[in-house]
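Dear colleague,

Please find below the structure that I am handing over to you, with its sequence. My findings follow directly after it.

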Amino acid sequence: MSSILNSYFVKTHRLEISITIIAIVLFLIYFFGATHVFTRFPIYRAFMQSMPFFGIIAISATFVVTLGEIDLSFPSIVGITSLTFGMLLTSTDGNFFISFALATALGMFAGLINGLLVTKIGIPSIVATIGTLFFWRGLVNVISQGSGIAIVDEADGTWHHMIFVDKLFNLIPAQFIWFVVLTGLMQWVYRYHKFGNHIHFVGDNKASAQMMGIDVDRVKIIAFVQLGFFSALAGIFTMYEMLYFWPTQGSGLMLTTLAAVFVGGTSVFGGKGTVYGTFIGVLIIGSLESGIVALGLSGFYVQFINGLMITIAVTIYALIQKRKN
Amino acid sequence: MSEQLLKLENIYKDFGNVKVLKDINITINKGEVVALIGDNGAGKSTLIKVITGVHTPNSGKIFFKENKVEIKSVSQSRKMGIEAVYQERALCDQQELYRNIFAGREITNSFGFLKIKEQRKEAERILRDYIGFTSKAITVDSQVMGLSGGEKQGVAFGRSLYFNSDLIVLDEPTMGLSIQETEKVLNFVKGLKNENKSAIFIDHNIIHVYGAADRFIILDRGEVVGEFLKDQISREELVQKMIQLHESGKIKVDI
């Protein structure tokens with residue numbers, strides 16, 4: 001047993017192993033506490049349907065958090081890009097390519113602004129993105145005048161609707177497959193691409209990274225831009241699922257998304273993190289609400305247990321870190 | 001004496017109102033170790049950051065291997081063959097050793113994905129051949145935070161040798177090291193000459209500097225105030241000069 005605990009894999013993957021155990025324990029509690037719900041498929045389908053909307057953003061936000069930065073503006077970027085997507089899709093009579101290209105381009109532009117404010121102007125990211133959080137949501141309200149946009153006629157039953165949210169074999173929601181594929185791809189970039197490598201070095205020690213010849217500003221800007229892109233993508237997924245845009249779209253995502261990143265084991269101090277952990281964090285945070293209700297507790301417990309989970313997880317990580325030092 | 005490697009002409013650098021470098025003219029020859037000495041705030045660090053591309057000068061010319069160059073970034077100066085060994089500051093603590101060795105110039109395929117195997121293999125070679133690490137506790141997968149000051153310095157040196165640079169810039173390489181580790185570092189600097197490599201060397205400890213350098217350039221408040229070859233000045237005289245400079249703000253050059 002002790003040789004397993006001291007093996008190279010275990011030593012280098014303590015975070016990933018801890019989060020996986022937490023998730024397994026949680027799902028065992030669900031399973032034995034609400035057997036009638038968790039032995040049937042619909043609950044899993046519901047999870048697979050709803051988790052990707054914030055999960056995609058959480059995966060992408062892991063890069064920004066690893067930099068030691070934070071982005072609070074993504075809920076509003078989801079809002080403004082979804083509005084753009086809805087307006088374009090209805091006004092072009094369902095032209096997917098134009099709508100998709102411009103909505104994601106706007107998302108990247110919003111990310112670029114965040115990146116420039118942080119690097120070139122020098123505003124701390126937590127402050128800069130509070131500004132853009134209000135700015136983009138405000139713009140959504142001004143343009144939409146508080147009303148929603150239905151895209152049923154333009155989207156329902158189309159090939160692009162199928163690609164985004166259809167059920168594979170009538171069982172697995174397409175968005176979940178996209179979410180898994182994106183997680184794999186992003187984990188690969190995070191660990192094995194030059195960009196992911198630079199993210200780690202900049203987050204670890206900005207000054208050292210610069211002395212080693214890494215373009216710190218460029219790395220940060222790209223990180224914010226990709227988060228803008230994935231926020232737009234998450235918004236578009238949500239639109240296809242709901243076939244409707246509403247002006248507060250995205251505004252509930254902030255805490256669940258960031259909670260998934262931190263529960264997943266990515267350090268708020270930067271330099272260390274895991275995309276796989278974020279994925280598991282999404283499974284945990286995304287299942288709590290239904291899980292708790294299925295266990296027979298009232299909905300009032302949701303926040304309480306959510307808070308408990310987050311606190312336990314980050315305490316474990318802090319202890320692992322302390323032991324290392 | 002011999003071929004010149006680096007020449008700075010009339011270099012000025014200021015940060016806002018503060019004039020940090022004023023009319024700097026220096027030359028480094030091939031196979032020569034030059035020590036920059038001077039008090040805190042003399043401009044030593046800024047000068048080497050101009051050479052390594054961290055800062056760009058406000059005016060002045062830089063010649064490298066007799067070509068006029070503008071050094072705009074760290075990666076550019078590295079490509080030219082200038083490698084900086086900054087104290088342990090230029091390593092990232094939570095990242096693995098092999099990633100630190102290749103940070104900023106990763107071995108990648110054409111899509112930018114890292115060739116991990118190759119990096120680890122080369123890092124292994126650097127540890128063994130250039131640094132002479134024998135400790136089993138340190139592998140290429142170790143995080144840098146577990147290394148001692150001397151080991152970190154060793155990694156930084158190994159990195160500079162591996163990338164085959166012509167000019168190695170050493171910023172306070174003996175600061176915070178044990179006596180044995182300091183000895184290793186000074187031997188390393190002496191060994192550079194045998195390979196016809198040049199070095200610029202900053203250190204507060206004149207005893208270290210005197211042992212390792214061929215020539216001394218004294219900076220004071222952004223200006224070069226004295227320059228001596230080792231055979232023109234004894235260690236005691238050099239120490240005297242520094243004390244004199246410290247007390248009077250002037251240096252008497254009587255050679």
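In this predicted model, helices H6(A) and H8(A) run roughly parallel to each other, because the angle between them is about 30° and angles under 35 degrees count as roughly parallel. Helix H6 covers residues 74-91 of chain A, helix H8 covers residues 125-144 of chain A, and their axes are 8 Å apart. The crossing in which H6(A) passes H8(A) is left-handed. On the side of H6(A), the residues that take part are A:Pro75, A:Ser76, A:Ile77, A:Gly79, A:Ile80 and A:Leu83. They meet A:Leu133, A:Trp136, A:Arg137, A:Leu139, A:Val140, A:Ile143 and A:Ser144 in H8(A). By class, the residues of this contact are nine nonpolar, three polar and one charged.

A second helix pair in chain A joins helix H15 (residues 253-263) and helix H16 (residues 275-294). Their axes come within 7 Å and cross at roughly 125°. H15(A) and H16(A) are therefore oblique to each other, as 125° lies outside the ranges for roughly parallel, roughly perpendicular and roughly antiparallel. H15(A) passes H16(A) in a right-handed crossing. From H15(A), the contact draws on A:Thr256, A:Ala259, A:Ala260, A:Val261 and A:Val263. Their counterparts in H16(A) are A:Thr278, A:Gly281, A:Val282, A:Ile284 and A:Ile285. Seven residues of the contact of H15(A) with H16(A) are nonpolar, three are polar and none is charged.

Helix H16 of chain A also holds A:Tyr276. Is A:Tyr276 buried or exposed? A:Tyr276 counts as buried, because it has 23 C-beta neighbours inside 10 Å and 20 or more are required for that class. Leaving aside residues up to four places away in sequence, A:Tyr276 touches A:Glu16 and A:Gln187. A:Met186 is 90 residues from A:Tyr276 in sequence, while the C-alpha atoms of the two are 9.3 Å apart in space.

Turning to chain A as a whole, its secondary structure comprises 17 helices and four strands. Chain A has 325 residues and a radius of gyration of 20 Å, which agrees with the value near 20 Å for a compact globule with that number of residues. Taken along the principal axes, the C-alpha atoms of chain A fill a box of roughly 65 × 60 × 35 Å. Of its 325 residues, 46% count as buried. Among the contacts in chain A with a separation of 6 or more, 76% are between residues 24 or more positions apart.

Chain B has eight helices and ten strands. For its 255 residues, a compact globule would have a radius of gyration near 18 Å, and the 19 Å of chain B agrees with this. The C-alpha trace of chain B spans about 60 × 40 × 35 Å along its principal axes. In chain B, 42% of the 255 residues count as buried. Residues 24 or more positions apart make up 69% of the contacts in chain B with a separation of 6 or more.

How many residues does each chain bring to the contact between them? Chain B brings 23 residues and chain A brings 18 residues. On the side of chain B that touches chain A, helix H2 (74-80) and strand E6 (82-86) are the elements that give two or more residues. H2(B) provides the largest share of that side, with three residues. The side of chain B that touches chain A has eleven nonpolar, six polar and six charged residues.

Finally, two residues of chain B deserve a note on their backbone. Most residues other than glycine have a negative phi. B:Asp23, however, has a positive phi of about 50° although it is not a glycine. B:Asp23 is placed in strand E2 (residues 18-29) of chain B. With 14 other C-beta atoms within 10 Å, B:Asp23 is partly exposed. B:Glu66, which is likewise a residue other than glycine, has a positive phi near 70°. B:Glu66 is found in the loop between strand E4 (59-64) and strand E5 (67-69) of chain B. B:Glu66 counts as exposed, because it has 10 C-beta neighbours inside 10 Å and 12 or fewer define that class.

With kind regards

Key:
Residues numbered from 1 in each chain as written. Chains lettered and ligands numbered in written order. Predicted model: local features only at pLDDT ≥ 70, side-chain atom pairs only at ≥ 80, totals over all residues. Axes fitted to C-alpha atoms, helices over the stretch in contact; angles between N-to-C directions. Parallel < 35°, antiparallel > 145°, perpendicular 65-115°, else oblique. Left-handed = near helix turned anticlockwise from the far one by under 90°. Contact = placed C-beta atoms within 7 Å. Nonpolar A, V, L, I, M, F, W, Y, C, P; charged D, E, K, R; others polar. Rg over C-alpha atoms; globule rule 2.2 N^0.38 Å.
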